[in-house]
Amino acid sequence: MTDLPHVDLLPESVDELDHYYGEAPIGVRANMITTLDGAAAFDGRTKAVSDPADQVLLTHLRMYADVVMVGSATVAAEGYGPVKLSGELRQRRVAAGHSALPRLAVVTARGALSPDLRIFTGDSRPVIVTTERTAHERTDLAELADVVTAGADEIEAPRIIDGLRSVGLERVLCEGGPYLLSTLVGADLVDDMCLTVAPYLTGAQPTTPQRASGMPAPTRLELQHVLQRNGLLYLRYARR
């Protein structure tokens, strides 16, 4: 059975999606996907576990953001390019007093970004969030993007958000990967979580090793809605 009667369908129109997702927070909203056995991707990419409706939602969530933030490993794995929106979504942003497109921010401690990456081919300069050491060693990064530092030798999650705010980017949409999301969660910085549950079993999928968060207790978010389409569940949680 595809459609469950007690769960609303994920809308397809812009206005209906606004009803469910339009209250984008000043702070961090994350948009992630997980399989039934907890994988965030298959063979390093989300395409195999996503679908067109999920991709429409991803684009729609970008409309509400000042900046789309992603880790450098995800940029490489997913082949990220400049942020794009339809003409209608651009017009809605401009009418609301925002720029036509959100900025793209790439978080990288080591600055391992090739100048040939597609992220550097758009009209809008991306933002590179890195350490003070890397910014000093890779002065060429400033020729490719606006550089924001978020720690001396290691990336510090609160300084990521402070750095983006310092250049006027307050509504942050984090698209992963899991390592970057865990870094933000460990610092209790995620205000709004949009999670797609995909009906797949993938087996073990390698991820970047990371330290335990050190959180004193889990942070509870409140369920805002459950939607579904084509067997995928769309959950949204937010702080009280």
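## Helices H2 and H4

Let's start with two helices that run alongside each other in this predicted model. Helix H2 covers residues 52-63 and helix H4 covers residues 87-95; their axes come within 10 Å and cross at roughly 20°. Angles under 35 degrees count as roughly parallel, so H2 and H4 are roughly parallel to each other. Their crossing is right-handed.

Who does the touching? On the H2 side you'll find Thr59, His60, Arg62 and Met63, and on the H4 side Leu89, Arg92 and Arg93. Sorted by class, this contact has two nonpolar, two polar and three charged residues.

## Helix H1 against H2

Next comes H1, which meets H2 at another angle. The axes of H1 and H2 come within 11 Å and cross at roughly 70°. Since 65 to 115 degrees counts as roughly perpendicular, that makes H1 roughly perpendicular to H2. Here too the crossing is right-handed.

H1 brings Val14, Leu17, Asp18 and Tyr21 to this contact, while H2 brings Leu57, His60, Leu61 and Met63. The class count for H1 with H2 is six nonpolar, one polar and one charged. His60 and Met63 are worth a second look: both belong to the contact of H2 with H1, and both also belong to the contact of H2 with H4.

## Helix H1 against H4

H1 and H4 pair up as well. Their axes come within 12 Å and cross at roughly 50°, so the two helices are oblique to each other. H1 passes H4 in a right-handed crossing.

In this contact, Val14, Asp15 and Asp18 of H1 meet Glu88, Leu89 and Arg92 of H4. By class there are two nonpolar, no polar and four charged residues. Some names return here: Val14 and Asp18 are also in the contact of H1 with H2, and Leu89 and Arg92 are also in the contact of H2 with H4.

## The nonpolar cores

Now for the inside. The largest nonpolar core holds 34 residues, and the ones touching the most other members are Leu10, Tyr21, Leu104 and Tyr234. Helices H1 (14-21) and H2 each give two or more residues to this core, and so do strands S3 (67-71), S4 (103-107), S8 (190-198) and S10 (232-238). Tyr21 has turned up before, as part of the contact that H1 makes with H2.

There is a second, separate core of 25 residues; among its members are Ala150, Ile161, Val190 and Met193.

## Two buried loop residues

Asp66 sits in the loop between H2 and S3. Is Asp66 buried or exposed? Its relative accessible area is 13%, and under 20% counts as buried, so Asp66 is buried. Beyond its neighbours within four places in sequence, Asp66 is in contact with His98, Pro102, Arg103, Gly168, Leu169, Glu170 and Arg171.

Thr131 is in the loop between strand S5 (127-130) and helix H5 (132-137). With a relative accessible area of 1%, Thr131 is buried too. Which residues does Thr131 contact once its neighbours within four places in sequence are left aside? They are Thr108, Ala109, Thr149, Gly151, Ala152, Asp153, Glu154 and Ile155. One of these, Thr149, is 18 residues from Thr131 along the chain, yet their C-alpha atoms are separated by 5.1 Å.

## Backbone oddities

Most residues other than glycine have a negative phi, and most peptide bonds are trans. A few spots in this model go against that habit.

Asp43, in the loop between strand S2 (27-35) and H2, has a positive phi near 55°. Asp43 is exposed, since its relative accessible area is 67% and over 50% counts as exposed. Asn230 also has a positive phi near 55°; you'll find Asn230 in the loop between strand S9 (222-229) and S10. The peptide bond between Gly176 and Gly177 is cis, with omega at about 5°. Gly177 lies in the loop between strand S7 (171-174) and helix H8 (178-186).

Conventions
Residues are numbered from 1 along each chain as its sequence is written. This is a predicted model: local features need pLDDT of at least 70, side-chain atom pairs count only at pLDDT 80 or more; totals for chains, interfaces and linings use all residues. Side-chain values use heavy atoms; hydrogens and water are left out. Axes are lines fitted to C-alpha atoms, for helices over the stretch in contact, and angles run from 0 to 180 degrees between N-to-C directions. Helices (H or I, at least four residues) and strands (E, at least two) are DSSP runs, numbered from the N terminus. Angles under 35 degrees count as roughly parallel, over 145 as roughly antiparallel, 65 to 115 as roughly perpendicular and the rest as oblique. A crossing is left-handed if the near helix is turned anticlockwise from the far one by less than a right angle, and right-handed if clockwise. Contact means heavy atoms within 4.5 Å. Ala, Val, Leu, Ile, Met, Phe, Trp, Tyr, Cys and Pro count as nonpolar, Asp, Glu, Lys and Arg as charged, and the others, Gly among them, as polar. A nonpolar core is a set of buried Ala, Val, Leu, Ile, Met, Phe, Trp, Tyr and Cys residues joined through side-chain atoms within 4.5 Å. Buried means under 20% relative accessible area, exposed over 50%, partly exposed in between (1.4 Å probe, protein chains only).
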